[in-house]
Amino acid sequence: MRGVRRLVCRGVRVNGSRRGNVVGVNFNATNFKRFSSNVPDISMNLSDDIKELQEVALSFAQKEMYPHAEKWDEEEIFPVDVLKQLASMGLGGIYIKEEFGGTGQSRLAATVVFEALATACPSTTAYLSIHNMCGWVIDEFGNQNQRSKFVPDLVNCEKFGSYCLTEPSCGSDASALKTTAKKQGDHYILTGEKAFISGGGVSDVYIVMARTGGPGPKGISCFFVEKDTPGLSFGKKEKKLGWNSQPTRAVILDNVKIPQENLIGKEGDGFKIAMKALDGGRINIGACSLGAAQKCFELAREHMKVRTAFGKQLREFQGLEFRMADMASDITMARMMVRNAAEKLDSKAEDGTLYCAMAKKVSTDIGTKVCDDALQMFGGYGYLKDYPLNRYYRDARVHQILEGTNEVMRMIIGRSIFSSK
């Protein structure tokens, strides 16, 4: 696997060692590690190649992300250098074809990588997943000139990408978007506003859905807009509960003039492109929730081994043991659903969208709940920013909202149940 070779060539050591002290005792950044217990098993049913990729991603997360994640969160630092390191390892374009520098991995491999990295910093990993999605849109639906112009810089993180679908007046109802793209000669004039855009103001390439035709999904087209294009501006940097290592801003298009060569695919293809991108985005963000949940589960497990109450270790209380059993079972269920959905996308299964919606709903609900349950087990300490539980919870919470709210996921599932097909 080319991605594994690129990762190993970076010199990240992969072995079975277990470094550091018990995390439940000491929360120093150097003590991030995987624990000896394999319940729940993060490598369940994976090929040896993907296991190797997982080990390298976990090692990088430990060494290069976890020691800094708290500072990124507190000071709202966008870690460009770390993202470029990840790109040098082949992770700037995990499932982008190799022709223009992508790693050419499967969707399954991508979810495994994102889960591993999210055990250190879900916020930074989530941005990387969005960046991958932007590069994939151009690689999958763009023409040869568009691909050769943008894909190499995106996969190397020489340029960063943002995905612009949501608007102030329409989030879940994406087909009602109001941003317009009016054809004038050999150019388009884009006017409108996009909301909650990850990387807004920092990214170099914006994948923008805009209306070229009538109402509804068939009137939407897909464009790319470069950062320095006249008329493109950005709102204030949003103050958020979590996801603080990536900037979020409105993207404002005020008579932005772009050449017709910036159209991706054909007029009217935009909604189809957006939904196909979101299928992958949903399992990617589900994987980020799994990473946060796995880490919080491990922290809670170690805490229960050393914390005492009423003369006993917490792990000796059956009620808490049952809660841990539920957490392990839920994480395993969600992981199986995310990986099953990824394999559906890899095989281009007709029901891929349905299974991505199911996986996204379940994994992000469980991810948030596990983080919350783990925080509860720490009592008052879990509420302190000296402990990492609250960061994982704050980062995971938004996963139930973005890439299609979990209410919309239920709509997709429900409609499929009662479909006449």
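This is a short chat about the pockets, one strand and some aromatic rings of a predicted model.

Trainee: How much space lies in the largest pocket?

Mentor: About 1400 Å³. The lining has 44 residues, and the closest to the pocket's centre are Arg282, Leu402, Glu403, Gly404 and Thr405.

Trainee: Which helices and strands supply at least two residues of that lining?

Mentor: The helices are α5 (122-141), α7 (270-306), α9 (352-377), α10 (389-397) and α11 (406-417), and strand β3 (187-198) does so too.

Trainee: And how do the lining residues divide by class?

Mentor: In the largest pocket, 20 are nonpolar, 12 are polar and 12 are charged.

Trainee: What about the second largest pocket, how much space lies there?

Mentor: About 530 Å³. This pocket is lined by 20 residues, with Arg107, Trp136, Glu140, Leu345 and Lys348 the closest to its centre. By class, the lining has 10 charged, 5 polar and 5 nonpolar residues.

Trainee: Which element gives the most to that lining?

Mentor: Helix α5, with 4 residues.

Trainee: Changing topic. Is strand β5 largely enclosed or open?

Mentor: Enclosed. Strand β5 covers residues 220-226, and 6 of its 7 residues are buried, so the rest of the structure largely encloses it.

Trainee: Which strands does β5 pair with?

Mentor: One is β4 (residues 205-211), antiparallel to β5 over 7 bridges; there, Val205 has Glu226 of β5 as its bridge partner. Another is β8 (residues 263-264), also antiparallel, joined to β5 by 2 bridges. Phe223 has Leu263 of β8 as its bridge partner.

Trainee: OK, rings now. How many aromatic pairs does the structure hold?

Mentor: There are 9. One of them is Phe78 with Tyr127: the ring centres are 5.1 Å apart and the planes are at 85°, so this pair is edge-to-face.

Trainee: Where do those two residues lie?

Mentor: Phe78 is in the loop between α2 (48-75) and α3 (80-88), and Tyr127 is in helix α5, so the pair ties together parts 49 residues apart in sequence.

Trainee: Is Phe78 buried or exposed?

Mentor: Buried, because its relative accessibility is 15% and the cut-off is under 20%. Tyr127 is buried as well, at 1%. Phe78 and Tyr127 also form one aromatic cluster with Phe160.

Trainee: What sort of pair do Tyr381 and Tyr387 form?

Mentor: A tilted one, at 5.5 Å centre to centre with 55° between the planes. Tyr381 is partly exposed at 39%, and Tyr387 is partly exposed at 21%.

Trainee: Last one. Which ring does the charged end of Lys312 sit over?

Mentor: The ring of Phe317, 4.4 Å from its centre. The charged end of Lys344 sits over the ring of Tyr355, 4.5 Å from that ring's centre.

Conventions:
Residues are numbered from 1 along each chain as its sequence is written. This is a predicted model: local features need pLDDT of at least 70, side-chain atom pairs count only at pLDDT 80 or more; totals for chains, interfaces and linings use all residues. Side-chain values use heavy atoms; hydrogens and water are left out. On a 1 Å grid over the protein atoms alone, a cavity is a set of points where a 1.4 Å probe fits but cannot get out, and a pocket is an open set with protein on both sides within 12 Å along at least five of seven lines; lining residues have an atom within 4 Å of a point. Grid points are joined across faces, edges and corners, and a volume is the space filled by probe spheres set on the points. Ala, Val, Leu, Ile, Met, Phe, Trp, Tyr, Cys and Pro count as nonpolar, Asp, Glu, Lys and Arg as charged, and the others, Gly among them, as polar. Buried means under 20% relative accessible area, exposed over 50%, partly exposed in between (1.4 Å probe, protein chains only). Two strands pair if DSSP finds at least two bridges between them. Rings of Phe, Tyr and Trp (its six-membered ring) pair if their centres lie within 6.5 Å; planes under 30 degrees apart count as stacked, over 60 as edge-to-face and the rest as tilted. A charge sits over a ring if NZ of Lys or CZ of Arg is within 6 Å of the ring centre and within 35 degrees of the ring normal.
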